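Me: I've got this model open next to its sequence and want to talk through the layout. Where should we start?

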Amino acid sequence: MIVVAGESLIDLVPQERADGVLAPLLPRRGGGPYNTAVALGRLGAATGFCSRVSTDAFGETLLEGLRSAGVDLSLVQRGPEPTTLAVATLGADGSAGFAFYAEGSADRLFTLPPALPPTVRALALGTCSLVLEPGASAYEALLRREAGRGVFTLLDPNIRAGLIPDAAAYRARFAGWLPSVSLLKVSEEDADWLAGSPGTWSALGPAAVVLTRGGDGLTVRTADGTEVSVPAVPVDVVDTIGAGDTINAALLHGLATRDALTPRAAATLGTDGWREVLAFAARAAALTCSRTGAEPPYAAELS
């Protein structure tokens, strides 16, 4: 099983791009970790979700989305607090920005669960869940504990600068996570904000660092010095919501199918292996970008 830990929320997505007017907002299930879990389930991977989800109506529909993707919910905590809301704004190129309404929401009150089941091979974390306290400290503790017992870990910081009050403190904390990270995935925008590079981060612990470059494709740099790039798949972009989360899932699924969910295997997968994994992730992300909101593809769409 691959476990994804972090927030689930409701994205409020404009139904049209309009300048100077209020576009109608369409509620969609979302949250970086949530999207990653759904994407993994749709790809056919044995997947579990680890979070705290509200008992409100939004929380119920979030759980239904996970169930329909075949995601295991045994690690989900529940609470009466409201579901986080994220209001999206879309650029002319379909790129998305978000404003968050997260004060007192359920996912912020996540607590450290007991050790994950022995069947868990990988753990993925990132986005708001590693920023908003008190849950952020619990997710950080989960990362360190599971990495310490040999679980393969993926980190996608997916920076939301508006939620980070002290950039320097976050950057220092991020660097402190890297010795516990097997695979780091960052976008070019995240890399610029973090003021780092794949080579610098590889030296701090990750077996591989994947840099996503939007329309220019994806690049991986491994701890043994291998560097591989693939182009993006051309597509008519509706919006980019969930594209990075789909890449997370595709990377984990691609490594799992090659029995490479260990730091050593990921670092030594080789040029051909990584090219195949990255190309698969690029195709999956393109399909997500071709439809509104975070709607990752099913395995049959990528066969």
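**Pocket, packing and cavities**

Me: How do the residues lining the largest pocket divide into nonpolar, polar and charged?
Reply: Count Ala, Val, Leu, Ile, Met, Phe, Trp, Tyr, Cys and Pro as nonpolar, Asp, Glu, Lys and Arg as charged, and the others, Gly among them, as polar. The lining of the largest pocket then comes out as 21 nonpolar, 15 polar and eleven charged.

Me: Which residues of the lining are closest to the centre of the largest pocket?
Reply: Bear in mind that this is a predicted model: local features need pLDDT of at least 70, side-chain atom pairs count only at 80 or more, and totals for chains, interfaces and linings use all residues. Residues are numbered from 1 along each chain as its sequence is written, and side-chain values use heavy atoms, leaving out hydrogens and water. A pocket is an open set of points on a 1 Å grid over the protein atoms alone, with protein on both sides within 12 Å along at least five of seven lines (a cavity is a set where a 1.4 Å probe fits but cannot get out), and lining residues have an atom within 4 Å of a point. This one holds about 1200 Å³ of space, and of its 47 lining residues the closest to the centre are Ser 187, Glu 189, Thr 240, Ala 243 and Gly 244.

Me: Which strands stand at the edges of the open sheet?
Reply: Strands here are DSSP E runs of at least two residues, helices are H or I runs of at least four, and two strands pair if DSSP finds at least two bridges between them. Eight strands form the sheet, with mixed pairing, in the order β4-β1-β9-β10-β11-β12-β13-β14. Two of them have a single partner strand each, so one side of each is left without a neighbour in the sheet: β4 (47-50) and β14 (227-230).

Me: Which residue in β14 stands opposite Leu 218?
Reply: Strand β13 (residues 218-222) and β14 run antiparallel, joined by four bridges. Opposite Leu 218 in β14 you'll find Val 230.

Me: What angle does helix α3 make with β9?
Reply: Angles run from 0 to 180 degrees between N-to-C directions, and axes are lines fitted to C-alpha atoms, for helices over the stretch in contact. Helix α3 (residues 135-148) lies across β1 (2-5), β4, β9 (122-126) and β10 (152-156). Against β9, α3 runs at about 155°.

Me: How are α1 and α2 oriented to one another, roughly parallel or roughly antiparallel?
Reply: α1 and helix α2 (residues 57-68) pack with axes 9 Å apart at an angle of about 30°. Angles under 35 degrees count as roughly parallel, over 145 as roughly antiparallel, 65 to 115 as roughly perpendicular and the rest as oblique. That makes the pair roughly parallel.

Me: Which residues in α4 meet α3?
Reply: The axes of α3 and helix α4 (residues 167-177) come within 11 Å and cross at roughly 25°, which makes α3 roughly parallel to α4. By class, their contact (heavy atoms within 4.5 Å) has three nonpolar, two polar and three charged residues. From α3 come Ala 136, Ser 137, Glu 140, Leu 143 and Arg 144, and they meet Arg 173, Gly 176 and Trp 177.

Me: Which elements give two or more residues to the lining of the largest cavity?
Reply: A volume is the space filled by probe spheres set on the grid points, which are joined across faces, edges and corners. The structure holds three cavities of 30 Å³ or more, and about 60 Å³ of space lies in the largest. Its lining residues include Val 4, Gly 32, Leu 154 and Asp 245. Two or more come from each of α1, β9, β10 and α7.
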